[in-house]
Amino acid sequence: MILAIDIALLVMLAVVGIAIIRLRNLFAVVMLSGIYSLLMASTFVLLDAVDVAFTEAAVGAGISTVLLLGVLTLTKSREKIPVTTPLLPLVTVVVTGALLIYGTWDLPAFGDPNAPAHRHVAPEYLAEATHETGAPNVVTAVLASYRGYDTLGEVTVIFTAGIGVLLLLSGSGVLRRREPEENDDKPGGAA
Amino acid sequence: MKHHLILRVIAKLTIPGILLFGLYVQFHGDYGPGGGFQAGVIFGAGFILYGLVFGLQNLRRVAPASVTTTFIALGVLIFAGVGIASQLLGGNYLDYDVLAADPHAGQHLGILVVELGVGITVAAVMITIFMTFAGRER
Amino acid sequence: MEVHGHFNYWIVVVLMMIGFYALIARGNLIKKIVGLNIFQASVFLLFISFGKVSGGSAPIIAEGIQAYSNPLPHVLILTAIVVGVATTALGLALVVRINEAYGTIEENEIAQMDSET
């Protein structure tokens with residue numbers, strides 16, 4: 001049963017992805033990317049990553065969609081028909097994809113409990129985390145305690161991105177400086 | 001959105017729930033799914049919903065740009081400050097064992113404070129990003 | 001293991017290539033950013049698929065549960081998602097500025113304007 005749901009969700013993800021590429025109406029693209037995130041979150045629940053699913057549903061389907069819609073109101077909502085042929089990118093994508101799928105043969109089978117990833121630090125975290133940190137949710141324990149440095153770095157990245165957006169959009173210094181020049185040029189050009 | 005009566009009423013009903021849920025996720029992250037990142041996003045989403053329905057001016061009144069900008073830095077400072085505090089108490093950087101009398105309580109306190117820092121920064125960044133995009137004139 | 005042994009990975013590759021295609025074949029900057037998001041989400045799915053253990057449960061310690069899925073990929077991806085939206089916002093901010101400076105978000109038109117001046 002779980003297998004069937006998993007396959008259905010993954011196929012729907014692929015279909016939504018293809019629809020995103022084919023559509024030219026950017027509003028539809030943004031809505032579909034929200035659906036894509038929601039499907040992704042459902043898949044994460046199925047794969048036992050409840051914390052990640054939680055984040056993906058809130059971020060991908062919520063905040064990202066609002067941001068993209070906000071940008072669409074500032075720009076144009078229709079994509080122009082490309083002039084170049086998509087043949088070369090298509091060949092590149094197919095060849096790269098074929099190579100990557102060839103590479104998946106060497107990966108351990110999906111769900112294999114003896115995969116190398118499950119035999120390194122993960123058993124230790126699962127065994128020790130609760131009595132070392134008192135948090136039953138191992139993800140939180142690893143995130144905040146064992147990998148505190150990592151998380152500090154991530155928070156700094158978010159901080160930097162927030163500052164970057166503020167710098168790019170809150171003032172319009174560069175534009176204002178350029179506009180008088182253009183205004184000076186235009187009457188001269190017209191005359 | 002002055003004319004969308006249903007939207008306004010529903011938003012008024014749901015926003016307190018969203019904010020409360022955000023706080024629950026923030027402080028219950030040790031025991032169930034949740035934590036600073038999720039809570040920050042949910043808390044920010046509550047404010048963004050308010051801004052979408054009641055207009056940017058009202059959102060600015062609730063969350064002035066100066067406050068949100070300060071909170072962006074405050075969260076990172078709280079996180080880094082916990083590291084400094086544990087160093088001053090004789091441990092390694094971000095080693096929460098020394099924060100309280102026994103390591104168990106120390107870890108618990110450390111995780112709680114660090115997650116709070118994460119939540120503050122994430123929520124403030126989300127609100128700030130939304131406000132800067134929405135406040136941009138076409 | 002049978003067909004399902006690698007099915008998740010194949011879908012990951014397909015999604016990755018869909019995002020990659022949107023990124024290199026499309027000239028519209030917003031479409032490119034959506035493509036980047038698809039690519040990014042496919043990597044998330046790859047990591048979470050690695051973390052799944054058959055018969056395992058979500059990594060929240062409770063009595064009566066024998067096997068848990070690997071919590072480490074969850075931690076890595078959890079932070080990556082939020083960082084992802086922050087960097088997406090940065091990219092979108094650049095798109096808004098480009099649109100203000102050039103009046104278009106189509107790559108070829110921007111390149112044309114640049115070559116004219």
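**Chains A, B and C: contact and aromatic pairs**

Modeller: In this predicted model, chain A and chain B bury about 3,700 Å² between them, and carbon and sulfur atoms give 77% of that area. Helix 7 of chain A gives the most to the side of chain A that touches chain B, with 14 residues.

Biologist: What makes Trp105(A) and Trp10(C) an aromatic pair that is edge-to-face?

Modeller: The ring centres of Trp105(A) and Trp10(C) are 5.7 Å apart and the planes are at 75°; because centres within 6.5 Å count as a pair and planes over 60 degrees apart count as edge-to-face, both conditions are met by these values. The pair crosses between chains, from the loop between helix 4 and helix 5 of chain A to helix 1 of chain C.

Biologist: Why is Trp105(A) called exposed, and why does Trp10(C) count as partly exposed?

Modeller: Trp105(A) has 51% relative accessibility, and exposed means over 50%, so Trp105(A) counts as exposed. Trp10(C), at 22%, lies between the cut-offs of 20% and 50%, and therefore counts as partly exposed.

Biologist: How do you know that Phe20(C) and Phe39(C) form an edge-to-face pair, and what does the pair tie together?

Modeller: The centres of Phe20(C) and Phe39(C) are 6.4 Å apart, with 90° between the planes, so the distance is within the limit of 6.5 Å and the angle is over 60 degrees. Phe20(C) lies in helix 1 and Phe39(C) in helix 2 of chain C, so the pair ties together parts that are 19 residues apart in sequence.

Technical notes: Residues numbered from 1 in each chain as written. Chains lettered and ligands numbered in written order. Predicted model: local features only at pLDDT ≥ 70, side-chain atom pairs only at ≥ 80, totals over all residues. Heavy atoms only, no water. Buried area = accessible area lost by both parts, 1.4 Å probe. Helix = DSSP H or I, 4+ residues; strand = E, 2+ residues; numbered from the N terminus. Phe/Tyr/Trp six-rings, centres within 6.5 Å; stacked < 30°, edge-to-face > 60°. Buried < 20%, exposed > 50% of the residue type's maximum accessible area, 1.4 Å probe, protein only.
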